[in-house]
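Student: Please take a close look at one loop of this model and then follow what surrounds it. I would like the cut-offs stated along the way.

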Amino acid sequence: MLSTCVVETQLIDMVCDFASLIGILFIVRCSHSIFNSLRYDYSGYGQSSGKPSEQNTYADIEAAYKCLEESYGTKQEDIILYGQSVGSGPTLDLAARLPQLRAVVLHSPILSGLRVMYPVKRTYWFDIYKNIDKIPLVNCPVLIMHGTSDEVVDCSHGKQLWELCKEKYEPLWLKGGNHCDLEHYPEYIRHLKKFISTVEKSPSQRYSSRRSTDQFEQSRKSTDVFEVSRKSTDRREKPRHSTDRLEKPKIQSNHVDKLEKLKSLSNNADKLEKLRISFDQMERSRRSVDCHEKSRKSIDHQLERARKSVDRLDRIRTG
């Protein structure tokens, strides 16, 4: 479905209306501040036929892009991709293959399917929607928005993806925001509008703006370092009233720190043990399937040999 809208008003309303639907949103720039949108359902959802799967969602977004390119003559540089939650997977898969794309918006994105359930440190072959490996390949500006109270996909997913972006745009971490309610926050509207206005500029203008922001950030960090140094000096200037009185709390504090570290190590060990057991079970299951497959092939081979022997006997008998 295509609808024409103006960025200052209707575009934002349109994104809010459709951001929580299953599917991907394409925002297509037609002229200054005028946009079209294309929305669709994944295979097996809404009015779409077929079955939902990772590969089918990749095929879905590819078909939608081809429709824009071939039927409407749309160029990469006039397209903004918008993906929410699991939709961040197909969005980044396509974005990583389109070097001239205008921009990408990721709404409550995931690092990968497995990382939503387990805090794994590397990508396994059986993982799905491996966004963590694909986002460094995206060349255009990326806006990431995530709620700090997200109970489905932790906010750390969005923050880690933002760190891996080539062309970072100021992210939006909505305090108190959950997985499916970000569009109800006024900050969401303002930030999305600002982002779309920014990516309308030419790359040189965007680079100039980003460079000034980076300089401000470096200046702020320098000021922070000076402030920490000043506070440290102030603490050293304060007189020590009683060495004996200070030494006792220090020992107690060290004891508490050690207990906390031991507790943390114990918790981490428990988590790792559970994760290891889970993977061991998966590996045993896979080996069992492999063993069954080998057994089936062996039986098939024996049956084939028996069939050939019978055929040979028949030929001898008839000859």
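**A loop and its surroundings**

Tutor: Tyr129 is placed in the loop between H4 and helix H5 (131-134); helices here are DSSP runs of H or I with at least four residues, strands are runs of E with at least two, and both are numbered from the N terminus. The model is predicted, so local features need pLDDT of at least 70 and side-chain atom pairs count only at pLDDT 80 or more, while totals for chains, interfaces and linings use all residues. Residues are numbered from 1 along each chain as its sequence is written, and side-chain values use heavy atoms, with hydrogens and water left out.

The phi angle of Tyr129 is near 45°, a positive value in a residue other than glycine. Tyr129 has a relative accessible area of 7% and is therefore buried (buried is under 20% relative accessible area, exposed over 50%, partly exposed in between, with a 1.4 Å probe and protein chains only).

The loop between H4 and H5 also holds Asp127. Arg115 forms a salt bridge with Asp127, with 3.5 Å between the closest N and O atoms; the term requires a side-chain nitrogen of Lys or Arg within 4 Å of a carboxyl oxygen of Asp or Glu. Because Arg115 lies in helix H4 and Asp127 in the loop that follows between H4 and H5, the pair ties together parts that are 12 residues apart in sequence. Both ends count as buried: Arg115 has a relative accessible area of 9%, and Asp127 is at 5% relative accessibility. In general, side chains of opposite charge can pair when their charged atoms come close.

On the other side of this loop, helix H5 supplies Lys134. The side chains of Lys134 and Asp93 meet in a salt bridge of 2.9 Å, N to O. Asp93 belongs to helix H3 (residues 88-95) and Lys134 to H5, so this pair links parts 41 residues apart in sequence. Lys134 and Asp93 are both buried, the latter at 13% relative accessibility. Asp93 also meets Arg97 in a salt bridge of 3.2 Å, N to O; Arg97, at 42% relative accessibility, counts as partly exposed. Through shared partners, salt bridges join Glu62, Asp93, Arg97 and Lys134 into one network. The search of the whole structure finds 7 salt bridges.

A second positive phi occurs at Ser108, near 50°, again in a residue other than glycine. Ser108 is placed in the loop between strand E5 (103-107) and helix H4 (113-117). Its relative accessible area is 0%, which means that Ser108 is buried.

Ser108 is one of the residues in contact with His179 when neighbours within four places in sequence are left aside; among the others are Gln84, His107 and Val152 (contact means heavy atoms within 4.5 Å). His179 sits in the loop between strand E8 (172-174) and H7 and, at 7% relative accessibility, counts as buried. Its side chain is joined to that of Ser85 by a polar contact of 2.8 Å, and to that of Asp150 by a polar contact of 2.8 Å. A polar contact is a pair of N or O atoms within 3.5 Å; within protein, one must be able to donate a hydrogen and the other to accept it, and residues adjacent in sequence count only if both atoms are side-chain atoms.
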